[in-house]
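Reader: Hello! I would like a close look at a single part of this model, with the cut-offs spelled out along the way.

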Amino acid sequence: MELTATLDRLDATFAALADPTRRAILARLARGEASVKELAEPFAMTQPAVSKHLKVLERAGLVSRGRDAQRRPCRLEAQPLRDATEWLVGYRQFWAESYERLESLLGELQEDR
């Protein structure tokens with residue numbers, strides 16, 4: 001069950017990261033909390049459109065919203081990004097080892113010439 005839950009979280013994270021607007025929102029939140037209005041400023045879209053992107057990010061666990069009087073600041077939640085990075089590191093190691101084997105094989109083939 002744990003593996004299924006982990007894969008579901010990864011699916012949600014990568015689906016959220018697939019959109020350039022959502023990646024830009026995360027980049028902005030990496031600098032600190034921001035309101036929906038502040039997040040909408042650099043985009044040619046309405047606040048409701050930005051809110052829809054935020055909902056996707058929230059469902060993926062990448063963003064949370066607090067409450068500060070009338071303001072609901074959004075903040076970046078790093079754990080899903082850490083989980084995705086850990087998952088990718090395993091594949092990076094696989095490819096590094098594969099390239100090392102290929103380099104070794106090419107070296108042997110060149111020596112045989």
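Is Glu 58 buried, partly exposed or exposed, and what is its relative accessible area?

Author: Happy to help. This is a predicted model, in which local features need pLDDT of at least 70 and side-chain atom pairs count only at pLDDT 80 or more, while totals for chains, interfaces and linings use all residues. Residues are numbered from 1 along each chain as its sequence is written, and side-chain values use heavy atoms, leaving out hydrogens and water.

Glu 58 is partly exposed, with a relative accessible area of 28%; buried means under 20%, exposed over 50%, and partly exposed in between (1.4 Å probe, protein chains only). Its side chain meets that of Arg 65 in a salt bridge at 3.3 Å, N to O. The term asks for a side-chain nitrogen of Lys or Arg within 4 Å of a carboxyl oxygen of Asp or Glu. Arg 65 is partly exposed as well, at 23%.

By this rule there are two salt bridges. Glu 33 and Arg 75 form one of them, at 2.8 Å from N to O. Glu 33 sits in the loop between α2 and α3 and Arg 75 in strand β2 (residues 74-76), so this pair ties together parts 42 residues apart in sequence. Helices (H or I, at least four residues) and strands (E, at least two) are DSSP runs, numbered from the N terminus. Glu 33 is partly exposed at 38% relative accessibility, and Arg 75 is partly exposed at 28%.

Arg 75 also leads to Leu 62: among the residues that Leu 62 touches are Arg 75, Leu 57 and Leu 26, where contact means heavy atoms within 4.5 Å.

Note on methods. Lists of a residue's contacts leave out its neighbours within four places in sequence.
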